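Q: I'd like a close look at the pocket side of this model, please. Start with the overall span, then take me through the space itself and the side chains around it.

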Amino acid sequence: MTDDFTRQRTRTAIVTGGAGGIGAATAGRLAGDGFAVGVVDRREEDCAATVDAITASGGRATGVGADVADEAAVTGAVARIAAALGPPTVLVNNAGFAHRSALVDTATEQWDAVLGVNLRGAFFATRAVVPHMTEAGWGRVVNVSSVSAAGDAGRIGYASAKAGLIGFTKTLALELGPHGITANALAPGFVVSAMTRESARRLGLDFEEYRSRAERAVPVGRVGQPEDVAHAASFLVSDGAGFVSGQVLHVAGGPVG
């Protein structure tokens, strides 16, 4: 037990999209679990609140600005985090955004932007981090997908990207398992976040009304909070989850599909 604890204290995790919402909650939870945390978001200054919260609680963290859809930026971000905190062996690919539009209303640029952040970004980050995991003989990749992967009318790019992440995850599990690395996906349902607030705004709904409608459809009788997803991520990156790989864990308050 002591050896495992000491070993975990030296591990570094990277969380993309870590400036707020699910990403910030996950970064904070992993720091509480003993990981040093590299917080990545589009602008470095946006990472400050997450980093400050971690360091104020006695943890180690650093923030790095990078557009995850930019290969060179991601490679540089991983290198900076490794230099500051140590080689990363945990990666949470959380960065993402949605554009609400149906197929016929979606411009090519919008499609490319959504897939660029949600799917291309996960590819770049994972490819940059995996050599550190392979060298350590241990690693955890968690990709934040969505219940939208099963189909989401009006958000075709987002649904396609999140479905792609599931195939990406399962393939990683097959390829990386022999190196002591697991890969799993989280599929959150309705989670209170900037994204769901923006969805309400675009639909012309008061957020509390939008939230109330969602609650009525959730078996546990409430919508999700970022911390709900963070708790699930904490399990998947733990030593205890070493025999769990290639799975999709729905964090949605009830069965999905």
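A: Happy to. Residues 11–189 form a span that is 48% helix and 20% strand, and the C-alpha atoms at its two ends lie 30 Å apart. This is a predicted model, so please read each value below as computed from predicted coordinates. An unreviewed UniProt entry places the feature "domain: Ketoreductase" at those residues, 11–189.

Now to the part you asked about. The largest pocket holds about 1300 Å³ of space. Its lining takes in 50 residues, and R155, Y158, S193, M195 and T196 are the closest to the centre. Six elements each give two or more residues to that lining: α2 (21–32), β2 (36–41), α5 (108–136), α6 (156–176), α7 (194–202) and α8 (207–216). The top contributor is α7, with six residues. By these ranges, Y158 belongs to α6, while M195 and T196 belong to α7. As for chemistry, the lining divides into 24 nonpolar, 17 polar and nine charged residues.

There is a second pocket to keep in view. The second largest pocket has a volume of about 160 Å³. It is lined by 13 residues, with A31, F35, G58, G59 and R60 nearest its centre. Here α2 and α3 (48–56) are the elements that give two or more residues, and α2 gives the most, with three. This lining splits into five nonpolar, six polar and two charged residues. The helix α2 is therefore a shared element: it appears among the contributors to the largest pocket and among those to the second largest pocket as well.

Let's return to the main pocket and look at rings and charges on the elements that line it. The structure holds three aromatic pairs. One of them joins F123 and F124 in a tilted arrangement, with 5.6 Å from centre to centre and 45 degrees between the planes. Both residues fall within the range of α5. These neighbours do not have matching surroundings: F123 is partly exposed at 37% relative accessibility, whereas F124 counts as buried because its relative accessible area of 7% is under 20%. Ring pairs also link F190, F207 and Y210 into a cluster, and by the helix ranges F207 and Y210 lie in α8. F207 has a second partner too, as the charged end of R197 sits over its ring, 4.2 Å from the centre. R197 lies within α7, the helix with the largest share of the pocket lining. Another charge-over-ring contact pairs R11 with W138, where R11 lies over the ring face at 3.4 Å from its centre.

A few single residues help to fill in the picture. N118 is found in helix α5, and it counts as buried because its relative accessibility is 1%. The C-alpha atoms of N118 and A98 are 8.8 Å apart, with their positions 20 residues apart in sequence. L85 is in helix α4 (residues 71–85) and is buried at 9% relative accessibility. From L85 it is 14 Å, C-alpha to C-alpha, to G58, which is 27 residues away in sequence; G58 is one of the residues nearest the centre of the second largest pocket.

G151 gives a contrast, being found in the loop between β5 (139–144) and α6. It counts as exposed because 53% relative accessibility is over the 50% limit. Its C-alpha atom is separated by 34 Å from that of T12, and the two are 139 residues apart along the chain. Finally, A233 lies in helix α9 (residues 226–236) and is buried, with a relative accessible area of 0%. A233 and H179 are 54 residues apart in sequence and 21 Å apart in space, C-alpha to C-alpha.

Terms used: Residues are numbered from 1 along each chain as its sequence is written. This is a predicted model: local features need pLDDT of at least 70, side-chain atom pairs count only at pLDDT 80 or more; totals for chains, interfaces and linings use all residues. Side-chain values use heavy atoms; hydrogens and water are left out. On a 1 Å grid over the protein atoms alone, a cavity is a set of points where a 1.4 Å probe fits but cannot get out, and a pocket is an open set with protein on both sides within 12 Å along at least five of seven lines; lining residues have an atom within 4 Å of a point. Grid points are joined across faces, edges and corners, and a volume is the space filled by probe spheres set on the points. Helices (H or I, at least four residues) and strands (E, at least two) are DSSP runs, numbered from the N terminus. Ala, Val, Leu, Ile, Met, Phe, Trp, Tyr, Cys and Pro count as nonpolar, Asp, Glu, Lys and Arg as charged, and the others, Gly among them, as polar. UniProt positions are given in the numbering used here, feature names are shortened, and annotations may be inferred rather than shown by experiment. Rings of Phe, Tyr and Trp (its six-membered ring) pair if their centres lie within 6.5 Å; planes under 30 degrees apart count as stacked, over 60 as edge-to-face and the rest as tilted. Buried means under 20% relative accessible area, exposed over 50%, partly exposed in between (1.4 Å probe, protein chains only). A charge sits over a ring if NZ of Lys or CZ of Arg is within 6 Å of the ring centre and within 35 degrees of the ring normal.
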